[in-house]
Amino acid sequence: RHPGILQLAAPLEETKHQLALVTEPVFASVADIIAKRANLGGERNTGRNSASSSGQGGGQGVANGVEGGSASHLANLGLSTLEIKHGTLQLADALKFLHTDAGIVHRAVSPETVVITADGSWKIAGGFGHAIPASRRL
């Protein structure tokens, strides 16, 4: 267990037609935030109202108490440079754990496999199907 890996809150439940996972509360994937609700509301980000070229986010940040994951919350969300740096550091720490302690090379870190929790933590939540043992020679 590592704080940088999304935690399951309950065991996997499987029925004939569904698989259900219960995790800690998640706000959105990084991909959803980048796309400004493209995956939630079916609308594409046209580039308007995006973060300024200086790297400062607009709107309210995740770590500032935004909850929910709805399209309306994502529309007004922006990540500050500090939030992005802090999130990247959290991911690097999780990847270090996977590589050195768990002996796994992830190989699929992307905005789609990283989520931001309700408390603003960035966590690896997927892509483990591409992982290989760290001891394997490439």
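## A tour from Val26 into a three-stranded sheet

Followed along the sequence, the protein runs through the pattern β-β-β-α-α-α-α-β-β-β-β, which amounts to four helices and seven strands. Please keep in mind throughout that this is a predicted model.

Begin with the whole protein displayed as a surface. Its accessible surface comes to about 8800 Å², and 53% of that belongs to carbon and sulfur atoms. Of the 138 residues in the protein, 30% are buried. If you count contacts between residues at least 6 apart in sequence, 56% of them join residues at least 24 apart.

Next, select Val26, which lies in strand S3, a strand covering residues 26-29. Is Val26 buried, or is it left partly exposed? Val26 has a relative accessible area of 34% and is therefore partly exposed, since a residue counts as buried only under 20% and as exposed only over 50%. Now show what surrounds Val26: beyond its neighbours within four places in sequence, Val26 is in contact with Leu6, Val115, Ile116, Thr117 and Ala118. One of these deserves a distance label, for Val26 and Thr117 are 91 residues apart in sequence, yet their C-alpha atoms are 4.1 Å apart in space.

From here, widen the selection to the sheet. Three strands form an open sheet in the order S3-S5-S6, with antiparallel pairing. S3 and strand S6, residues 122-124, are the edge strands, and each of them pairs on one side only. On average, and with direction ignored, neighbouring strands of this sheet are turned by 35° against each other. Add helix H4, residues 81-101, which packs on the sheet and touches S5 and S6, its direction making about 30° with that of S6.

Then look at strand S5, residues 114-117, which pairs with S3 in the antiparallel sense over three bridges. Within this pairing, select Ser29 and you will find it opposite Val115 in S5. Colouring S5 by burial is also instructive, as both of its faces are covered: Val114 and Ile116 on one side are buried, and so are Val115 and Thr117 on the other.

Finally, move across to S6, which pairs with S5 in the antiparallel sense, again over three bridges. Here Val115 stands opposite Lys123 in S6. Which residue in the turn between S5 and S6 has a positive phi? Select Gly120, whose phi is about 95°; the turn belongs to the hairpin that S5 and S6 form, with four residues between the two strands.

Note on methods: Residues numbered from 1 in each chain as written. Predicted model: local features only at pLDDT ≥ 70, side-chain atom pairs only at ≥ 80, totals over all residues. Heavy atoms only, no water. Buried < 20%, exposed > 50% of the residue type's maximum accessible area, 1.4 Å probe, protein only. Contact = heavy atoms within 4.5 Å. Areas by Shrake-Rupley, 256 points an atom, 1.4 Å probe, with all protein chains shown as cover. Pairing = 2+ DSSP bridges. Axes fitted to C-alpha atoms, helices over the stretch in contact; angles between N-to-C directions.
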